[in-house]
Amino acid sequence: MNHKVAISFADGKTHFFPIKAGELLLDAALRNGINIPLDCREGVCGTCMGRCESGQYSLDYVDEEALSPSDLQQRKVLACQTRVRSDAAFYFDVDSTLCSASGTRAVQARVSEVELLSASTALLHLEAGGDSPLDFLPGQYARLQVPGTEAHRAYSFANRPNVQNRLLFLIRLLPGGVMSDYLRERCKAGDEIRLEAPLGAFYLRQVERPLVMVAGGTGLSAFLGMLDELAERGCDQPVQLYHGVRQPADLCELERLRGYAERIPGFTFIPVVSDAAPGWDGRRGYVSEHLDPAQLRAAPFDMYLCGPPPMIESMKTWLQENALDGNPLYLEKFTESGT
């Protein structure tokens, strides 16, 4: 029985390859052209150290000078001693170019539909076709070339990988934006869009603690992919998703989010509107104003942040001020280009 392994690198590139059940990670990587740094191959030197982000594995031998008990608790591994026991994802803190692994694919996709969810948001549906699924980790992104131009824009996948190669992207519509104008004015079913994927180091890790997810605007897209994955494979930890937007009209995919509550036990969705009209009866202000520090201190948690830089920096400051910055934090900043 084969498993699928994803190896991510410090430059945001990810490479996928098959591995035989119980095979050493290093052997499978080398067979697939990924030259992970190595030296002794005996579990002593620590040169091939990485970290298992998700999945099951076992270690043959690890010298205590190579990995400490704390390292092992953090799921750090040595590729030369790691036997993979399930589909898994690993991270190595080197650039992919140093390992001869580009990891990305150029894909020609076709538009199947574009939904204008509001004046500020569109949901782009693409079909990539091909004989094999496009591999990516839930939360990662792709670079799309705007049809008829040389411009490229980066967007997070809003779904999990699937055999039909149907891809979703939640896109913010900006005044005068190259992609925004294309989606509003010219986009139609059958248009070809070239994309490069997978990219990014923001993706769902092994779930062993409660999850707190904070999305700013269309940063929700990455979390939709993660929630698709959790709903599909199951999750026994509480999951809170906060979605911060400016206006109630910016809230989207609400039916889909309600569906997660039925498929993921312990899932809670909390929308927060910063500039709401008097008729809005939900939470107002900023997400940090609605987080409970005492509740978060009660147990370790993993936090995921995806949104514009001001939101990310504000949340990092809040965590520090409330002495909560010792918990694992994964984040993705994005900038909105109007050109």
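**View 1. Salt bridges in the predicted model.** By the rule used, the count comes to 21 salt bridges in this predicted model. Two of the pairs, Asp27–Arg41 and Arg160–Glu229, appear in the views below.

**View 2. The salt bridge between Asp27 and Arg41.** The two side chains meet with N and O 2.7 Å apart. Asp27 sits in helix H1, residues 25–31. Arg41 belongs to the loop between H1 and strand E3 (49–54). The pair therefore ties together parts that are 14 residues apart in sequence. What is notable about the backbone of Arg41, given that this residue is not glycine? Phi of Arg41 is near 60°, a positive value. This backbone angle falls in the loop between H1 and E3.

**View 3. The three domains of the chain.** The domain assignment splits the protein chain into domain 1 (3–99), domain 2 (105–199) and domain 3 (211–333). Asp27 and Arg41 from the previous view carry numbers within the bounds of domain 1. For domain 2 and domain 3, the C-alpha centres lie 24 Å apart. Their contact takes 18 residues from domain 2 and 17 residues from domain 3.

**View 4. The interface of domain 2 and domain 3.** The size of an interface is often given as the accessible area lost when the parts come together. Here, domain 2 and domain 3 bury about 1,400 Å² between them. Carbon and sulfur atoms account for 56% of that area. Two salt bridges cross this interface by the rule. Five residue pairs are in polar contact across the interface of domain 2 and domain 3, with both residues at pLDDT 80 or more.

**View 5. The domain 2 side of the interface.** Which strands each supply at least two residues of the side of domain 2 that touches domain 3? They are strand E9 (121–127) and strand E12 (166–172). E12 gives the most, with five residues. By class, this side of domain 2 has ten nonpolar, six polar and two charged residues.

**View 6. The salt bridge between Arg160 and Glu229.** Arg160 pairs with Glu229 in a salt bridge. The closest N and O atoms are 2.8 Å apart. Arg160 is numbered within domain 2, and Glu229 within domain 3.

**View 7. The span 104–205 from the UniProt record.** An unreviewed UniProt entry lists residues 104–205 as "domain: FAD-binding FR-type". In the model, the end C-alpha atoms of this span lie 20 Å apart. The span is 9% helix and 43% strand.

**View 8. The cis peptide bond at Pro198.** Is the peptide bond from Ala197 to Pro198 cis or trans? The bond is cis, with omega near -5°. Pro198 lies in strand E13, residues 192–199.

How values were computed. Residues numbered from 1 in each chain as written. Predicted model: local features only at pLDDT ≥ 70, side-chain atom pairs only at ≥ 80, totals over all residues. Heavy atoms only, no water. Domains from an automatic or database assignment. Contact = heavy atoms within 4.5 Å. Buried area = accessible area lost by both parts, 1.4 Å probe. Salt bridge = Lys/Arg side-chain N within 4 Å of Asp/Glu carboxyl O. Polar contact = N/O pair within 3.5 Å; in protein donor to acceptor, adjacent residues only side chain to side chain. Helix = DSSP H or I, 4+ residues; strand = E, 2+ residues; numbered from the N terminus. Nonpolar A, V, L, I, M, F, W, Y, C, P; charged D, E, K, R; others polar. UniProt positions renumbered as here; feature names shortened; annotations may be inferred.
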